[in-house]
Amino acid sequence: MAREENSKHDQLWMGYSQVFLEMDDLSLARWMAQTLGQLSGHAWRLSHPLLQTYELAAHTAHDRQIWLKGMAIIPAEYTAAECCRAPLLPVLSRDVFDVGLVCKHCGETCVKLDDLPGEMMQVFDTWSTCYDKAHSVAHWEDDGKKLPPDYDKLFELSAKSAEKLLAQAGSQLAPALLEIYPAVAWEDQDECLEVRPEDVDI
Ligand SMILES: [Zn+2]
């Protein structure tokens, strides 16, 4: 059922991509460069419609390798990501400890946690440990753990912790990254704990 829902969702998004698929390489590159200019200077929620739209463009551009082939000009304030040569736009997710910051264009690691300045790395490391603790409650059953009788209450408490930690990511961690990168995005939901973007107040 969930898989069927996912594939319907993917199909819908593939339809949304059409607007970028119809653009030629130069028009697509220009749209992206202009949007990167708008994204500059802010830490963006991943759920923001502009970011979601940019993601569709980024996937189309990645498939066509427009950055790798040097067909597009990277806006002045951005540098090229080592992973795919696209403008470096890092995403902070709950998997930061394992995968570091992820490239918005190709989905690979674009900044390793070790590459962040020492003090910042410590803050991210601590945040990630707290987040893992809250998040793992959602997977106790999958992990073969016997659920306690008050599991629903624990789940609810963990979801509340996740909301606070995501708010911290959006109000402190992601903005701190703006000292290094022109723009960043941060994950503002947790589907496993049923935390929606609108539950995360910053
Ligand atoms: Zn990349």
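Donors are the N, O and S atoms that lie within 2.8 Å of a metal (3.2 Å for Na, K and Ca), and because water is not among the atoms, sites may look incomplete. The model shown is predicted, so that local features need pLDDT of at least 70 and side-chain atom pairs count only at pLDDT 80 or more, while totals for chains, interfaces and linings use all residues. Residues are numbered from 1 along each chain as its sequence is written, and side-chain values use heavy atoms, with hydrogens and water left out.

**View 1. The zinc ion and its cysteine donors.** The zinc ion is coordinated at 2.3 Å by the SG atoms of C83, C84, C103 and C106, and along the sequence these donor residues follow the spacing C-C-x18-C-x2-C. The arrangement is tetrahedral because the 4 donor atoms subtend angles of 105 to 120° around the zinc ion; four donors count as tetrahedral if all angles lie between 85 and 135 degrees. C83 is partly exposed, with a relative accessible area of 31%, whereas C84 is buried, at 7% (buried means under 20%, exposed over 50%, and partly exposed in between, with a 1.4 Å probe and protein chains only).

**View 2. The open sheet.** In this sheet 5 strands (DSSP runs of E, at least two residues, numbered from the N terminus) lie in the order β1-β5-β2-β3-β4, with mixed pairing, where two strands pair if DSSP finds at least two bridges between them. The edge strands, β1 (43-45) and β4, each pair on one side only. The strands β3 and β4 run antiparallel and are joined by 2 bridges, and L101 has V111 in β4 as its bridge partner.

**View 3. The largest nonpolar core.** A nonpolar core is a set of buried Ala, Val, Leu, Ile, Met, Phe, Trp, Tyr and Cys residues joined through side-chain atoms within 4.5 Å, and the largest one here has 57 residues, with L39, L92, L101, L116 and F124 having the most contacts inside it. The largest share, 11 residues, comes from α6, a helix (a DSSP run of H or I, at least four residues). Not counting residues up to four places away in sequence, L101 touches several residues, including L92, V111, L116 and F124, where contact means heavy atoms within 4.5 Å.

**View 4. A proline between two helices.** P148 lies in the loop between α5 and α6 and is partly exposed, with a relative accessible area of 25%. Leaving aside its neighbours within four places in sequence, P148 is in contact with W140 and L154.

Notes. Tetrahedral: all angles 85-135°; square planar, octahedral: opposite > 155°, others 65-115°.
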